Amino acid sequence: MTDQALTTRRERRRRRSRRRLSRQVRALLASGLVLGVGASVTLAAWNDSEYAGGTVSAGHFTLEGSPDGANYSTTTADAPHQLSFSTTSNLTPGSRTYALFSVRTASGSVGGTVQLQGDDGNTGTLSSAMTYGVRTVAGTTCNASTFEGGAQVIPRGTSLIGDAGSSQSVAGDQGAVVHYCLELTLSSEAPNSVQGATATPLWHAVGTSSSE
């Protein structure tokens, strides 16, 4: 084969290669244009939010008591209300003495219930020889007459460490008052050893708040 023929064949191959390359480039450009058109019509999503919140606070449940139904305050076991028993000295076997103990919720308190309980420390020579009973009364007078007409909370003859078997409702924010009339009885069979003895019994008004 002559040099001129070889040159002509190489030239034809180069032209064919250039045509193939041209077709490939056009195909890629066409593909890119299609992708470009597709991207141009796809919009990003917009987002927005709304928020809600609030402040809440817990209430409180607080009891306060009174030995006279007029002057109320909160106390502790170490500094309790001093009940004014109708007879505080010279008790003899069979004697009974009475005292008022009023309970309500404090200002701003939620409502609930209250249960009267005898303290476990109500023991000793004189305390062990005494029993008690409790009734709720309509007013602030607590004596033998009003006790008899009251609603029983703790039956007569209960040990001074005994608790009430039921509870009483107390409305919130000083809304209602429970007037307890306590009756202490020195046993008619009290031994001679109690003569001259003293006792300072303690009671608890145990409250439970209402969820309503």
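In which loop does Gln-174 lie? Gln-174 is found in the loop between strand 6 and strand 7, within a predicted model of a protein chain of 212 residues. The chain contains three helices and eight strands, and five strands form an open sheet. This briefing treats the fold, the sheet, the nonpolar cores, the aromatic contacts and the loop that holds Gln-174.

**Overall fold**

- Read from the N terminus, the elements of the protein chain follow the order α-β-β-β-α-β-α-β-β-β-β.
- Buried residues account for 28% of the 212 residues in the chain.
- Of the contacts between residues at least 6 apart in sequence, 78% join residues that are at least 24 apart.

**The five-stranded sheet**

- The strand order in the open sheet is 1-2-7-4-5, and the pairing is antiparallel.
- Strand 1 (63-66) and strand 5 (151-159) are the edge strands, each pairing on one side only.
- On average, neighbouring strands of this sheet are turned by 20 degrees against each other, with direction ignored.
- Strand 1 and strand 2 (residues 96-105) run antiparallel and are joined by four bridges.
- Across this pairing, Glu-64 stands opposite Arg-104 in strand 2, and Gly-65 stands opposite Val-103 in strand 2.
- On the pairing of strand 2 with strand 7, nine bridges join the two antiparallel strands.
- Val-103 has Val-178 as its bridge partner in strand 7; Val-103 is thus placed opposite Gly-65 as well as being bridged to Val-178.
- Strand 2 is mostly covered, with nine of its ten residues buried.

**Nonpolar cores**

- In soluble globular proteins, nonpolar side chains tend to be buried together.
- The largest nonpolar core in this model has 25 residues.
- Val-114, Tyr-132, Val-134, Tyr-180, Leu-184 and Trp-203 have the most contacts inside this core.
- Two or more residues each are given to this core by strand 2, strand 3 (112-118), strand 4 (130-136), strand 5 and strand 7 (177-186).
- Strand 7 supplies the largest share of the core, namely five residues.
- Leaving aside neighbours within four places in sequence, Leu-184 is in contact with ten residues that can be listed as Phe-85, Ser-95, Arg-96, Thr-97, Met-130, Thr-131, Tyr-132, Leu-160, Pro-201 and Trp-203.
- A second, separate core has six residues, including Val-137, Cys-142, Phe-147 and Cys-181.

**Aromatic contacts**

- A pair of aromatic rings is described by the distance of the centres and the angle of the planes.
- The count of aromatic pairs comes to three.
- Phe-85 and Trp-203 form a tilted pair, at 6.4 Å centre to centre and with 50 degrees between the planes.
- Phe-85 lies in the loop between strand 1 and strand 2, whereas Trp-203 lies in strand 8 (residues 203-209), so this pair ties together parts that are 118 residues apart in sequence.
- Both Phe-85 and Trp-203 are buried.
- The ring centres of Tyr-98 and Phe-147 are 5.9 Å apart and the planes stand at 55 degrees, so this pair is tilted.
- Tyr-98 belongs to strand 2 and Phe-147 to helix 3 (residues 144-148), so the pair ties together parts that are 49 residues apart in sequence.
- Tyr-98 and Phe-147 are both buried.
- Phe-85, Tyr-132 and Trp-203 are linked into a cluster by ring pairs.
- The members of this cluster also recur among the contacts of Leu-184, which include Phe-85, Tyr-132 and Trp-203.
- The charged end of Arg-104 sits over the ring of Tyr-72, at 3.8 Å from the ring centre.

**The loop between strand 6 and strand 7**

- Most residues other than glycine have a negative phi, and most peptide bonds are trans.
- Asp-173 is located in the loop between strand 6 (168-170) and strand 7.
- Phi of Asp-173 is near 55 degrees, a positive value in a residue other than glycine.
- Asp-173 has 45% relative accessibility and therefore counts as partly exposed.
- Gln-174 lies in this loop between strand 6 and strand 7, and phi of Gln-174 is near 60 degrees, again a positive value in a residue other than glycine.
- With a relative accessible area of 33%, Gln-174 is partly exposed.

Methods:
Residues numbered from 1 in each chain as written. Predicted model: local features only at pLDDT ≥ 70, side-chain atom pairs only at ≥ 80, totals over all residues. Heavy atoms only, no water. Pairing = 2+ DSSP bridges. Axes fitted to C-alpha atoms, helices over the stretch in contact; angles between N-to-C directions. Core = buried A, V, L, I, M, F, W, Y, C linked by side-chain atoms within 4.5 Å. Buried < 20%, exposed > 50% of the residue type's maximum accessible area, 1.4 Å probe, protein only. Contact = heavy atoms within 4.5 Å. Phe/Tyr/Trp six-rings, centres within 6.5 Å; stacked < 30°, edge-to-face > 60°. Lys NZ or Arg CZ within 6 Å of the ring centre and 35° of its normal.
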